[in-house]
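Here are my notes on this model, set out as numbered points for discussion. Please read them with the sequence and the coordinates open beside you.

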Amino acid sequence: MQTNLKEAETIAIAPTSAQLLKIGQVATQSDFSVKTIRYYEEQGLLIPVVTRSPTGYRLFKPAIFNRLGFIKRAQSLGLSLNEIGEILILRDRGELPCGMVRKRLLLKQKTIHEQIEALEILQSELQDILSGWQEKPDRDSFDRTICPNIET
C-alpha cells in the first residue's frame, strides 16, 4: 500500500500517539541503552524527535532511529558529541550538513595522520632502547639513576 506525499508529510510532522515510542521501545529496537538515549536527549541531540507526554514520559518519533544511526556512525568516525550536535543543529535548520561533515572528517584525518607519525617516532625510540637493553647495568649508575636503560 503506497502512501501519497501529503500523507507522508503529515505523518512526519505530526505523528499520532500510536506512532510515538517510549524510551524502552527505542532501546529495544536500537543498539542504544536507555541511559544513553537519556544522555543524548539531555545533550540536545534528540530535540526534534522527542516530546514529553502529559505525565512526563519521553515519547519518540520514528525518526529517532535515523538520528541515532547518524550519531553512532559519526562517533565511529571519531567525531565528538559536540561536533555531532553542531551538525544536527544545521540539519534541523533544514540544511544538508555534508560540507560541515566533510570539513570535520578532513580535520580528523589530519589529526590521525599526525598521531600516527608521533607513534612511529615513539616506536622507533622504544626499539632503540630495547635493542641496547642491559638486564644488569653498571653498578656505578645505580646511585645516579633509577633505570639507566631509559635514562641514558
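1. In this predicted model, the buried residues of helix 3, which spans residues 34–42, are I37, Y40 and E41. Viewed down the helix axis, these buried residues fall within an arc of 100 degrees, so they line one face of helix 3. K35 and E42, on the other side of helix 3, are exposed. Just after the helix, G44 adopts a positive phi of about 85 degrees.

2. What covers the buried residues of helix 3? The cover includes helix 2 (23–29), helix 4 (64–76) and helix 5 (81–92), together with strand 2 (50–52) and strand 3 (58–60). For orientation, the protein chain has six helices and three strands, and their order along the sequence is α-β-α-α-β-β-α-α-α.

3. I37 reappears in the largest nonpolar core, a set of 21 residues in which I37, L46 and F60 are those with the most contacts inside it. Helix 2, helix 3, helix 4 and helix 5 are the elements that give two or more residues to this core, and helix 4 gives the most, with four residues. In soluble globular proteins, nonpolar side chains tend to be buried together. Leaving aside residues up to four places away in sequence, F60 touches Q19, L20, L21, K22, I23, V26, I37, L46, V49 and V50.

4. The charged member of the buried set on helix 3 deserves separate attention, since E41 is buried with a relative accessible area of 17%, and its side chain meets that of R58 in a salt bridge (2.2 Å, N to O). Because E41 lies in helix 3 and R58 in strand 3, the pair ties together parts that are 17 residues apart in sequence. R58 likewise counts as buried, at 17% relative accessibility, which falls under the 20% cut-off for that class. E41, R52 and R58 are linked in a network of salt bridges.

5. Among the six salt bridges that the structure holds, a second one to inspect is formed by the side chains of E86 and R104 (2.5 Å, N to O). This pair links distant parts of the chain, with E86 in helix 5 and R104 in helix 6, 18 residues apart. As for accessibility, E86 is partly exposed at a relative accessible area of 38%, whereas R104 counts as buried at 16%.

6. A salt bridge within helix 6 joins the side chains of E114 and K110 (3.7 Å, N to O). Because these residues are four apart in helix 6, E114 and K110 are separated by about one helical turn. E114 is partly exposed, with a relative accessible area of 42%, while K110 counts as exposed at 52%.

7. A point on the surface concerns the nonpolar patch of about 600 Å² that is made by L119, L122, L126, L130, W133 and I150. W133 lies in the segment after helix 6 (98–131), and at 35% relative accessibility this tryptophan, W133, counts as partly exposed.

8. For the chain as a whole, buried residues make up 24% of the 152 residues, and the accessible surface comes to about 11,600 Å², of which 55% belongs to carbon and sulfur atoms. Of the contacts between residues at least 6 apart in sequence, 40% join residues at least 24 apart.

Key
Residues are numbered from 1 along each chain as its sequence is written. This is a predicted model: local features need pLDDT of at least 70, side-chain atom pairs count only at pLDDT 80 or more; totals for chains, interfaces and linings use all residues. Side-chain values use heavy atoms; hydrogens and water are left out. Buried means under 20% relative accessible area, exposed over 50%, partly exposed in between (1.4 Å probe, protein chains only). Contact means heavy atoms within 4.5 Å. Accessible areas come from the Shrake-Rupley method with a 1.4 Å probe; for residues, only the protein chains shown count as cover. Patches are made of residues with over 30% relative accessible area and no salt bridge: like charges are joined within 9 Å, nonpolar side chains (Val, Leu, Ile, Met, Phe, Trp, Tyr) within 5 Å. A salt bridge is a side-chain nitrogen of Lys or Arg within 4 Å of a carboxyl oxygen of Asp or Glu. The arc is that of the directions from the helix axis to the C-beta atoms. A nonpolar core is a set of buried Ala, Val, Leu, Ile, Met, Phe, Trp, Tyr and Cys residues joined through side-chain atoms within 4.5 Å.
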